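The following exercises practise the reading of a protein model, step by step. Please study the sequence and the structure before attempting each task.

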Amino acid sequence: MIPRAEVALVLAVALATPVQAGTLEGRLVTFTVETWDDREAPLLVARGRTVTVGAGTEFGLGPEGFTAGLDVVPVDVEIGPTRIELSYPKGIGRFYEAKFNGYVLRFETDCALFDKVAIDPAGTTMQGVEVWAETGALYIDVSGAGYGPTSTLALDLEVADCPMS
């Protein structure tokens, strides 16, 4: 039998140690909008924004001004510990069609951060969206998809046990 004082000490140490493994919470992330047919020659790379993932909406983007006839579609991005949700508060239309037209979230890490990335059909109204991960980056391709105030995209993630940078 373990004495009560030792159990309390172990419990206190466990509660005092922040849990970072398997979560996006507390991670530094840069969000950009990109459009390209050739990655090395993008048509649009919007101004990136960097935040630490926490409570509430991490990004609320609006138009930045046209570049090569393209501009950012207003989007709100909320990042949870293992989920990302996008919504479109203003405007209605269809995303420009390209090999890639969408969002890149680059998390500060040197390891493969995502074990699994999946679109949650119950939380998604948009059709034709593709997602994939490369090391610490998550790519969300919305090329050709329709958007509007009732459009949503929800991603469920399995986050690897990567050290915080």
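A disulfide is a pair of cysteine sulfur atoms within 2.5 Å. By this rule, the count in the chain comes to 1 disulfide. The model is a predicted one, and every exercise below refers to it.

**Exercise 1. The disulfide**

Task: Determine which cysteines form the disulfide, and state where each one lies.

Solution.
Step 1. Cys111 and Cys162 form the disulfide, with their sulfur atoms 1.8 Å apart.
Step 2. Cys111 is located in the loop between S8 and S9, whereas Cys162 belongs to the segment after S13. The pair is 51 residues apart and thus links distant parts of the chain.
Step 3. The burial of each partner follows from its relative accessibility, where buried means under 20% and exposed means over 50%. Cys111 has 21% and therefore counts as partly exposed. Cys162 has 4%, so this residue counts as buried.

**Exercise 2. A threonine in the loop before S9**

Task: Locate Thr109, decide whether Thr109 is buried or exposed, and state how far a polar atom of its side chain lies from the backbone nitrogen of Cys111.

Solution.
Step 1. Thr109 lies in the loop between strand S8, residues 100-107, and strand S9, residues 114-119.
Step 2. The relative accessible area of Thr109 is 11%, so Thr109 is buried.
Step 3. A polar atom of the Thr109 side chain is 3.3 Å from the backbone nitrogen of Cys111. Cys111 is also a partner in the disulfide with Cys162.

**Exercise 3. The overall make-up of the chain**

Task: State how many helices and strands the chain has, and what percentage of its residues is buried.

Solution.
Step 1. The chain has 1 helix and 13 strands. Along the sequence, the pattern begins with α and continues with β.
Step 2. Of the 165 residues in the chain, 39% are buried.
Step 3. About 9000 Å² of the chain is exposed, and carbon and sulfur atoms supply 55% of this area.
Step 4. Among contacts with a separation of 6 or more, 66% are between residues 24 or more positions apart.

**Exercise 4. An open sheet**

Task: Give the order of the strands in the open sheet of 5 strands, and name its edge strands.

Solution.
Step 1. The order is S4-S5-S6-S13-S9, and the pairing is antiparallel.
Step 2. The edge strands are S4 (57-61) and S9, each of which pairs on one side only. From one strand to the next, the twist averages 15°.
Step 3. S5 (residues 75-79) pairs with S6 over 4 bridges in the antiparallel sense. A hairpin through 3 residues joins these two strands, and Glu78 stands opposite Glu85 in S6.
Step 4. S6 also pairs with S13, in the antiparallel sense and over 5 bridges. Here Glu85 stands opposite Ala154.
Step 5. S13 (residues 152-159) pairs with S9 over 5 bridges, again antiparallel. In this pairing, Lys116 stands opposite Glu158 in S13.
Step 6. The side chains alternate along S6, residues 83-87. Ile84 and Leu86 point to one face and are buried, while Arg83, Glu85 and Ser87 point to the other and are not.

**Exercise 5. Strand S8 and a buried isoleucine**

Task: Find how many residues of S8 are buried, and describe the surroundings of Ile140.

Solution.
Step 1. S8 is mostly covered, since 7 of its 8 residues are buried.
Step 2. S1 (residues 28-36) and S8 pair in the antiparallel sense over 8 bridges, and Thr35 stands opposite Asn101 in S8.
Step 3. S8 and S11 run antiparallel and are joined by 5 bridges. The bridge partner of Gly102 in S11 is Asp141.
Step 4. Ile140 lies in S11, residues 137-141. With a relative accessible area of 0%, Ile140 is buried.
Step 5. Beyond neighbours within four places in sequence, the contacts of Ile140 include Phe100, Gly102, Leu86 and Leu155.

**Exercise 6. A positive phi**

Task: State what is notable about the phi of Thr135, and where Thr135 is found.

Solution.
Step 1. Most residues other than glycine have a negative phi.
Step 2. Thr135 has a positive phi of about 50°, although it is not a glycine.
Step 3. Thr135 is found in the loop between S10 (130-134) and S11. Its relative accessibility is 47%, so Thr135 counts as partly exposed.

Technical notes
Residues numbered from 1 in each chain as written. Predicted model: local features only at pLDDT ≥ 70, side-chain atom pairs only at ≥ 80, totals over all residues. Heavy atoms only, no water. Buried < 20%, exposed > 50% of the residue type's maximum accessible area, 1.4 Å probe, protein only. Polar contact = N/O pair within 3.5 Å; in protein donor to acceptor, adjacent residues only side chain to side chain. Contact = heavy atoms within 4.5 Å. Areas by Shrake-Rupley, 256 points an atom, 1.4 Å probe, with all protein chains shown as cover. Pairing = 2+ DSSP bridges. Axes fitted to C-alpha atoms, helices over the stretch in contact; angles between N-to-C directions.
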